[in-house]
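I open this notebook to record what I looked up in one structure and in what order I looked.

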Amino acid sequence: MPHSSGQMSRVTRTKETAKVSYDRMSRWYDLLAGTSEWKFVKVGLDLLRADEGESILEIGYGTGKAILALANAVGDGGRVYGIDLSEGMHQIASERVKAAGLSDRVELRCGDGAKLPYEDHRFNAVFTSFTLELFDTLEIPIVLLECMRVLRHDGRLVVVSMAKKDVTGFAVRLYEWAHERIPNYVDCRPIFVSQSMSDAGFDIVECIEMKMWGLPVDAVRSRIRP
Ligand SMILES: C[S@@+](CC[C@H](N)C(=O)[O-])C[C@H]1O[C@@H](n2cnc3c(N)ncnc32)[C@H](O)[C@@H]1O
């Protein structure tokens, strides 16, 4: 029987293993997960409300569907940046951006979301979906502090993530159980989304609570606490 605890599960696989896994999955990702997750990503994008002329960063852009939506929203005068661990994902997303004719306003690179290669206070907004929950518990605050560092003082952060709630239902217990045993296949795990953001110094502006196969998913809009 799966256990339940008030703590987030730990992440045991290395980033190198995660990278290899996403490289392998990249060609199939949209078929495997992209369709079911996209409607939740769209809720996050609606919360972000990207505007003309803005400069926006996405962490963990995957196959680049959100990058494309953001690039359309910021228009000619705006710019969209993305960072992702996987070279396979980088290739697919770059092809998608090129096919849409948006390469002039998009800059994608490979790298680790916990060490953002961007200068301070550069972005109007940071967006990340189904990626924060891939970082180990002790790294989540590091990623969020990196988001804060690269955001302008009036900037906003939107996170879409599987969410752990105070009362843990059977679907979450089962998922956590699978995550602990086959972390390469069940790699995301539910995290305390709003709490982690608040602990890192963000004020929660809006949280939309949803369910995906019985698992809670939160889309959270926040701003830097003044
Ligand atoms: C579950 S997929 C989500 C992709 C996309 N955001 C979406 O919602 O469809 C997670 C993505 O995060 C990337 N990723 C994993 N660990 C990362 C890290 N440490 N830094 C940056 N990206 C990472 C993976 O390569 C993958 O593209």
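The entries below follow my reading, from the sheet to the core, the ligand and two backbone angles.

**Entry 1: the sheet**

I noted before anything else that this is a predicted model. I then asked in what order the strands of the sheet are arranged. I found an open sheet of 7 strands with mixed pairing, and its order reads S3-S2-S1-S4-S5-S7-S6. Looking for the edges, I saw that S3 and strand S6, residues 202-212, each pair on one side only. I also wrote down the twist, which averages 15 degrees from one strand to the next.

**Entry 2: strands S1 and S2**

I went next to strand S1, residues 55-59, and strand S2, residues 79-84, which run parallel and are joined by 5 bridges. Two of the partners I looked up were Gly-82, which is the bridge partner of Glu-58, and Ile-83, which is the bridge partner of Ile-59.

Is S2 mostly covered or mostly open? I found that S2 is mostly covered, with 6 of its 6 residues buried. Taking the two faces in turn, I listed Arg-79, Tyr-81 and Ile-83 on one side, and Val-80, Gly-82 and Asp-84 on the other, all of them buried. I also noted a helix here: H4, residues 87-99, lies across S2 and S3 and runs at about 165 degrees to S3.

**Entry 3: the core**

I asked which residues of the largest nonpolar core touch the most other members. Of its 56 residues, they are Ile-56, Ile-67, Leu-70 and Val-126. The largest share of this core, 6 residues, comes from strand S5, residues 151-162.

I followed Ile-56 further and, not counting residues up to four places away in sequence, I found that Ile-56 touches Ala-50, Leu-70, Val-74, Val-80, Phe-123, Asn-124, Ala-125 and Phe-127.

**Entry 4: Phe-40**

I picked Phe-40, which lies in helix H2, and I recorded Phe-40 as buried because it has 21 C-beta neighbours inside 10 Å, where 20 or more are needed. Leaving aside neighbours within four places in sequence, Phe-40 is in contact with Val-160, Met-210, Met-212, Val-217 and Ala-219. I also checked Phe-40 against Gly-82: the two are 42 residues apart in sequence and 19 Å apart in space, C-alpha to C-alpha.

**Entry 5: around the ligand**

I turned to the 22 residues around the ligand, of which Tyr-22, Gly-60, Gly-62, Ser-86 and Gly-113 come nearest. Helix H1 (15-25), helix H2 (29-48) and S2 each supply at least two residues of this shell. Sorting the shell by class, I wrote down 11 nonpolar, 7 polar and 4 charged residues.

**Entry 6: two positive phi angles**

I kept in mind that most residues other than glycine have a negative phi. Two residues made me stop and look again. His-121 has a positive phi of about 55 degrees although it is not a glycine, and Phe-130, also a residue other than glycine, has a positive phi near 50 degrees.

Where do they lie in the chain? His-121 is in the loop between strand S3 (106-110) and strand S4 (123-129), while Phe-130 is in the loop between S4 and helix H5 (140-150).

I then checked burial for each. His-121 has 13 C-beta neighbours inside 10 Å, so I entered His-121 as partly exposed. Phe-130 has 21 such neighbours, and therefore I entered Phe-130 as buried.

Conventions: Residues numbered from 1 in each chain as written. Predicted model: local features only at pLDDT ≥ 70, side-chain atom pairs only at ≥ 80, totals over all residues. Helix = DSSP H or I, 4+ residues; strand = E, 2+ residues; numbered from the N terminus. Buried ≥ 20, exposed ≤ 12 C-beta atoms within 10 Å, placed from the backbone. Pairing = 2+ DSSP bridges. Axes fitted to C-alpha atoms, helices over the stretch in contact; angles between N-to-C directions. Contact = placed C-beta atoms within 7 Å. Core = buried A, V, L, I, M, F, W, Y, C linked by C-beta atoms within 7 Å. Near = placed C-beta within 6 Å. Nonpolar A, V, L, I, M, F, W, Y, C, P; charged D, E, K, R; others polar.
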